[in-house]
Amino acid sequence: WNGYKKFAWGNDDLKPLSKTHHNWYSEPLLMSPVDGLDTMYIMGLTKEADTTRKYIKRTLNFDKDLSVQKFEIVIRLLGGLLSSYQITGDKELLKLADDLGTRLLPAFESPTGLPYKHVNLRTGKVSTPISNPAETGTLLIEFGTLSKLTGKPIFYEKAKRALVETYKRRSPIGLVGTRINVETGEWTNTDSHVSAEIDSYYEYLYKCWVLFGDKECKAMWDESIAAIHKYLADDLNGELWYGHADMATGQRTRTTWGALDAFFPAVLALSGDLDRAKRLQDSSFKMWQIHGIEPEVYNYRSGKVEHAGYPLRPEIIESTYYLYRLTNDSKYLAMGEHLWRDFVKYCRTEDGYAHLKSVVTKEKSDAMQSFVLAETFKYFYLLFAPEKTLDPKKVVFNTEAHPIRKTWK
């Protein structure tokens, strides 16, 4: 955080090797301060957090002629503002969230109700009709919370419809594909899995049942998880993995697992399926140990790394945290310590933490995305913090690890 303040203050992200900054668009949107704010409060860094919060209120303005990627803005900025509002009670944060949510609403104006991938914050102009289930279905925690806190039903309705419309386009065997055209509702890529571009769609089906008591979300989860277990699960020499399959036939297409997939034990554990969660977490940890840090994509049948990068992902830590808190098994504390020591050993720099170009060579890359402050450090901290710090049964984390509490009836 001090590295970010020293070299990148007022911008989106720190570039830890060149000690400069990176912005997502032509103007910064304060990704790192907004994403990291609730982490600071949770860690008890209250003075630093208060200073940052005041800076955000003074500086952040969404009236910008920028075409933004709706999904990333929702999970990072909208989620961060809502969570920090709940922690502090600062109504200016809710006002910012309301303004942002309103500016994102035009994204939902497609023939299907599935949102476009990009929307201009000032003009509302939409673009990029080819999207994916993660980007069409990972919106309801944030928009639903905004709806409950502002009393504006439109936010819940638009995001819920997008989730339902995604689900409605599942195949006859219950699977969704990787890419979908939001104008026609036709799939443009029929590969099915729990990895990138689909992952958090499934996460939100279950979590929206927990947060909002939405029975339709629970019914969609129940049918979806049955199809996932039937067609994606792979039992290999007693190990549990989840691979890829064709959404129409269920035929196996790839035998890969990766850093993003490693969120899945957390959701399984949260839903009460501790047996599968434990087995799958063991597989993720095995993947981590092969090179001392996890690759982005690993082929569990060939044992080969298919994509060697590591962008400081939090998902395996998230699952370790959930399994420890839901089982009290010290195995997961030991696992977490192992992950932490490797993380520091290979990714630490003088003023931050850096992506790895390759977990094989350990060569660093000049990037540190805001999710490191929002998720990676938060889950590491919460794993070892006193249990009373945050009760995972009383909050629902969005996919960027912003904790949301049900403060409405």
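Select residues 233-236 and 239-242 of this predicted model. These are strand 10 and strand 11, which run antiparallel and are joined by four bridges. Ala233 of strand 10 stands opposite Tyr242 in strand 11.

Next, select Asn237, which sits in the loop between strand 10 and strand 11. The hairpin has two residues between its strands. Asn237 is not a glycine, yet its phi is positive, at about 50 degrees. Is Asn237 buried or exposed? Its relative accessible area is 77%, so Asn237 counts as exposed.

For a second residue of this kind, go to Ala401. Ala401 has a positive phi of about 65 degrees and is not a glycine either. The residue lies in the loop between strand 19 (396-397) and strand 20 (403-404). Its relative accessibility is 0%, and Ala401 therefore counts as buried.

Now select strand 14 (256-258) and strand 16 (304-307), then add strand 15 (residues 297-299). The three strands form an open sheet in the order 14-15-16, with antiparallel pairing. Strand 14 and strand 16 are at the edges; each has a single partner strand, so one side of each has no neighbour in the sheet. From one strand to the next the twist averages 35 degrees.

Within this sheet, look at the pair formed by strand 15 and strand 16. Three bridges join the two strands, which run antiparallel. Which residue of strand 16 is the bridge partner of Val297? The partner is His307. When following the side chains, recall that in a regular strand they alternate between the two faces of the sheet.

Keep the sheet displayed and add helix 12 (residues 274-291). Helix 12 lies across strand 14, strand 15 and strand 16, and runs at about 80 degrees to strand 14.

Add helix 13 (residues 315-327) to see what else helix 12 packs against. The angle between helix 12 and helix 13 is about 140 degrees, and their axes are 11 Å apart. Helix 12 is therefore oblique to helix 13, and the crossing is left-handed. To show the contact, select Leu274, Ala277, Lys278, Gln281, Ser284, Phe285 and Trp288 in helix 12, together with Ile316, Ser319, Thr320, Leu323, Leu326 and Thr327 in helix 13. By class, this contact of helix 12 with helix 13 has seven nonpolar, five polar and one charged residues.

Move to another helix pair: helix 7 (residues 140-150) and helix 8 (residues 153-168). Their packing angle is about 160 degrees, and the axes are 7 Å apart. Helix 7 and helix 8 are therefore roughly antiparallel to each other. Helix 7 passes helix 8 in a left-handed crossing. On helix 7, the contact residues are Leu140, Phe143, Gly144, Leu146, Ser147, Lys148 and Thr150. On helix 8, select Pro153, Phe155, Tyr156, Ala159, Lys160 and Leu163. By class, the contact of helix 7 with helix 8 has eight nonpolar, three polar and two charged residues.

The last stop is Gln69, in strand 3 (residues 67-69). Its relative accessibility is 18%, so Gln69 counts as buried. Which residues is Gln69 in contact with, leaving aside its neighbours within four places in sequence? On that basis, Gln69 is in contact with Trp24, Tyr25, Lys117, His118 and Glu135.

Technical notes. Residues numbered from 1 in each chain as written. Predicted model: local features only at pLDDT ≥ 70, side-chain atom pairs only at ≥ 80, totals over all residues. Heavy atoms only, no water. Pairing = 2+ DSSP bridges. Axes fitted to C-alpha atoms, helices over the stretch in contact; angles between N-to-C directions. Contact = heavy atoms within 4.5 Å. Parallel < 35°, antiparallel > 145°, perpendicular 65-115°, else oblique. Left-handed = near helix turned anticlockwise from the far one by under 90°. Nonpolar A, V, L, I, M, F, W, Y, C, P; charged D, E, K, R; others polar. Buried < 20%, exposed > 50% of the residue type's maximum accessible area, 1.4 Å probe, protein only.
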